[in-house]
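The questions below ask how the terms used for this structure are justified. Each answer sets a value against its definition.

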Amino acid sequence: VCSSDLKALRSFSGAQSVSNFRPTAAAAIYAKYAGDEAVVWDMSCGYGGRLLGAMVADNVAKYIGTDPAEDTMRGLLGIAQDFAVDSNTFIELRMQGSEITFLEPESIDFAFTSPPYFDTEKYSGEATQSYMKFKSVETWNEGFLRSTIRNAFVALKHDKYMILNVADVRSHKTLVADTKRIAIEEGFELD
């Protein structure tokens, strides 16, 4: 994706840029971890960087993206429509939170996202947003993060990967440690 494409993509997604997760980085991650003819789930698809990465990755057959924000989803649908002509990836977008998304058991090859870091990334003021539904770090960890990780674990085929891009932030100083702990408690092995 060239810089002029990024400017066009911003018009789909609103004020923030999709460059917060570069499509080229996403494509490289898909190539390394997803496997051939992969079905991938982006649990918090945000502004479309991982979506674009899936569309250009040679090995992603199907991208499932979930996000509860109405404006964000409208932008993602625009990206999918405008860029799908050059892609062999089937795109399925669901306007719902990952904590309430249930995919068929062992139906995906890779789960990959950058979750909203509790209340650091506020995509909208809609009641569906995880920071609105879960008002404290503790309730967000259990209601959003654990539920999302559990849903990914059930949906992933045996011996497949989940990658979460997380960092400790001012409002959630233990996000990295909490994510690792919850992932282990839900059955994942850390690599």
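Q: What makes a set of residues here a nonpolar core, and which members of the largest one touch the most others?
A: A nonpolar core is a set of buried Ala, Val, Leu, Ile, Met, Phe, Trp, Tyr and Cys residues joined through side-chain atoms within 4.5 Å; buried means under 20% relative accessible area, exposed over 50%, and partly exposed in between, with a 1.4 Å probe and protein chains only. The largest such core has 23 residues, and Tyr-30, Val-40, Leu-51, Tyr-63, Ile-91 and Leu-93 touch the most other members. Helices H2 (23-33), H3 (49-56) and H4 (70-83) each supply at least two of its residues, as do strands S1 (38-42), S2 (60-66), S3 (90-94) and S4 (108-113). Another core, of 22 residues, lies apart from it and includes Ala-111, Val-166, Leu-175 and Phe-188.

Q: How far can these values be trusted as a description of the model?
A: This is a predicted model, in which local features need pLDDT of at least 70 and side-chain atom pairs count only at pLDDT 80 or more, while totals for chains, interfaces and linings use all residues. Residues are numbered from 1 along each chain as its sequence is written, and side-chain values use heavy atoms, with hydrogens and water left out.

Q: Which residues count as contacts of Tyr-63, leaving aside its neighbours within four places in sequence?
A: Contact means heavy atoms within 4.5 Å. By that rule Tyr-63 is in contact with, among others, Tyr-30, Val-40, Leu-51, Ile-91 and Leu-93, and also with Asp-42, Arg-50 and Glu-92.

Q: How many helices and strands does the chain have?
A: Helices (H or I, at least four residues) and strands (E, at least two) are DSSP runs, numbered from the N terminus. By this count the chain has seven helices and five strands.

Q: Why is the space lined by Lys-160 and Met-162 called a pocket, and the one lined by Met-43 and Ser-44 a cavity?
A: On a 1 Å grid over the protein atoms alone, a cavity is a set of points where a 1.4 Å probe fits but cannot get out, whereas a pocket is an open set with protein on both sides within 12 Å along at least five of seven lines; lining residues have an atom within 4 Å of a point. The largest pocket is lined by 23 residues, and S5 gives the most, with nine. For the second largest cavity, H6 gives the largest share of the lining, four residues.
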